[in-house]
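Me: I'm new to reading protein models. Could you go through one with me, question by question?

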Amino acid sequence: MPVIAQHIASIPRSGIRAVFDQVEAYPDAISLCVGEPSETAAPHIVDAACDSIRRGQTKYTNVLGIEEFREAAARYNLEAKGIRYDPAKEIQATAGATFALFLALKAVADPGDEVIIPSPFFTSYAAETLLCGAKPVTVALRPEHRMQLNADDIEAAITPRTRAVIINSPGNPTGAVTPHEELERIAQVCMRHNIWAISDEVYHPFVFADGMDAAPSIANVDGMKERTIVVESLSKTFAMTGWRIGYLLAPAQIIEHTGTIAELMQSSVNATAQYAGTAALAGPRDHIAAMREDYRVKRQIVLDELAASDVLSLIEPQGAFYAFVDIRATQLDSQDFAVRLLHDERVAVVPGDAFGHEGAGFARLSYAGDADELREGVRRLRDFAERICDPLPGSRTRAYHRMGIMA
């Protein structure tokens, strides 16, 4: 057989996908590992897609996306985040956020450069950095900071080879929301060291603080729009995961280069998804508020169930739809915990180390699905963990110690 490229062999497979494969062997399992809304796209979005097909709008499009989509994205971000982008030069439609992330990294990182990644992190961050020939440098997210990004920790990791830092708020897998004040401090670090911020904002509308409709963006800090690449998606906000439609918001010189890369790799983004995306971005947003309140209720189910546990602990998530549960009291590593939970209790969660070494000793669960299944799944999770620590009624193993919900 001809030789396979060595650098490809070093690219890790997504730990989330590995769990999906395991779940297929347990058709009766409750899956708490899927990071997608249980809803589907609203009727007006589906109608726009079907109408575009009937009108024959199924040809190649501009590599940056159809004009209507980019204009709708510009209006949406101005209204939702207060940031103004030129749809002709500063916005690019992409086949989802993961491809947008790759384009962003490819535009700013040369082989041998370094990209700072707060950890635990979404699985694509490190893999796509490696695909670009760059080096991922992880910075631990700390419980004492509520798993929020921290400017001092980021600055301590900067070297002469650092080209960018990835920002993710609300965060996957932790659900942490970094406040505007800390983003201002991170912005000062970026400007002081002349590095890019790549801001993954795909969960921006799902925040639970009273009176907040969107998480703050580092691009909104004075002096940062021109050094920030925002990665966005319609997957979570508009329940369009399978449509594979997202976009980049960035300075014109970045879009010029990401457009060139995308043109060589895919010619253009799926036209039907773009027309659907235009309707989504330009249409009513009442469903977003409804989804946010639904997630708030489901988050409370998780908090209430785990509050009764002597074994499991949790830093209360402030956004997205994930809970990152501390399982260290069981003395099982994350992989063993997830495998045994699936086998014994028919509940699927993602092992924390799938999100980087700093996630070891944790498990991620999603509360985006059915509320009744969620309640039953978390109850089984809690019972399983407590049985590991207390296999006989009235006794405790040496692994046992009490841990409550962390504030």
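Here are some questions and answers about parts of this structure.

Me: What kind of model is this, and how are residues numbered?

Reply: It's a predicted model, where local features need pLDDT of at least 70, side-chain atom pairs count only at pLDDT 80 or more, and totals for chains, interfaces and linings use all residues. Side-chain values use heavy atoms, with hydrogens and water left out, and residues are numbered along each chain as its sequence is written, from 1.

Me: How many residues of strand 7 are buried?

Reply: Strands (E, at least two residues) and helices (H or I, at least four) are DSSP runs, numbered from the N terminus. Buried means under 20% relative accessible area, exposed over 50%, and partly exposed in between (1.4 Å probe, protein chains only). In a regular strand, side chains alternate between the two faces of the sheet. Here Thr228, Val230 and Glu232 point one way while Ile229, Val231 and Ser233 point the other, and all are buried, so strand 7 (residues 228-233) is mostly covered, with the buried count being 6 of 6.

Me: Which residue of strand 8 is the bridge partner of Glu232?

Reply: Two strands pair if DSSP finds at least two bridges between them. Strand 7 pairs with strand 6 (residues 196-200) in the parallel sense over 4 bridges, and with strand 8 (residues 246-249) it runs antiparallel, joined by 4 bridges. In strand 8, the partner of Glu232 is Tyr247.

Me: Why do the buried residues of helix 3 lie on the same side?

Reply: The buried residues of helix 3 (residues 43-54) are Ile45, Ala48, Ala49 and Ser52. They lie on the same side because the arc they cover around the axis (taken from the directions from the helix axis to the C-beta atoms) is only 95 degrees.

Me: What do the buried residues of helix 3 pack against?

Reply: The face turned away from the buried side carries the exposed residues Pro43 and Arg54. On the buried side, the packing partner is helix 10 (271-282).

Me: Which residues is His287 in contact with, leaving aside its neighbours within four places in sequence?

Reply: His287 is found in helix 11 (residues 286-307). Its side chain reaches the backbone oxygen of Thr237 at 3.4 Å. That's a polar contact (N or O atoms within 3.5 Å; within protein, one must be able to donate a hydrogen and the other to accept it, and residues adjacent in sequence count only if both atoms are side-chain atoms). Counting contact as heavy atoms within 4.5 Å, the residues are Thr237 and Phe238.

Technical notes:
Expected span 1.5 Å × (residues − 1).
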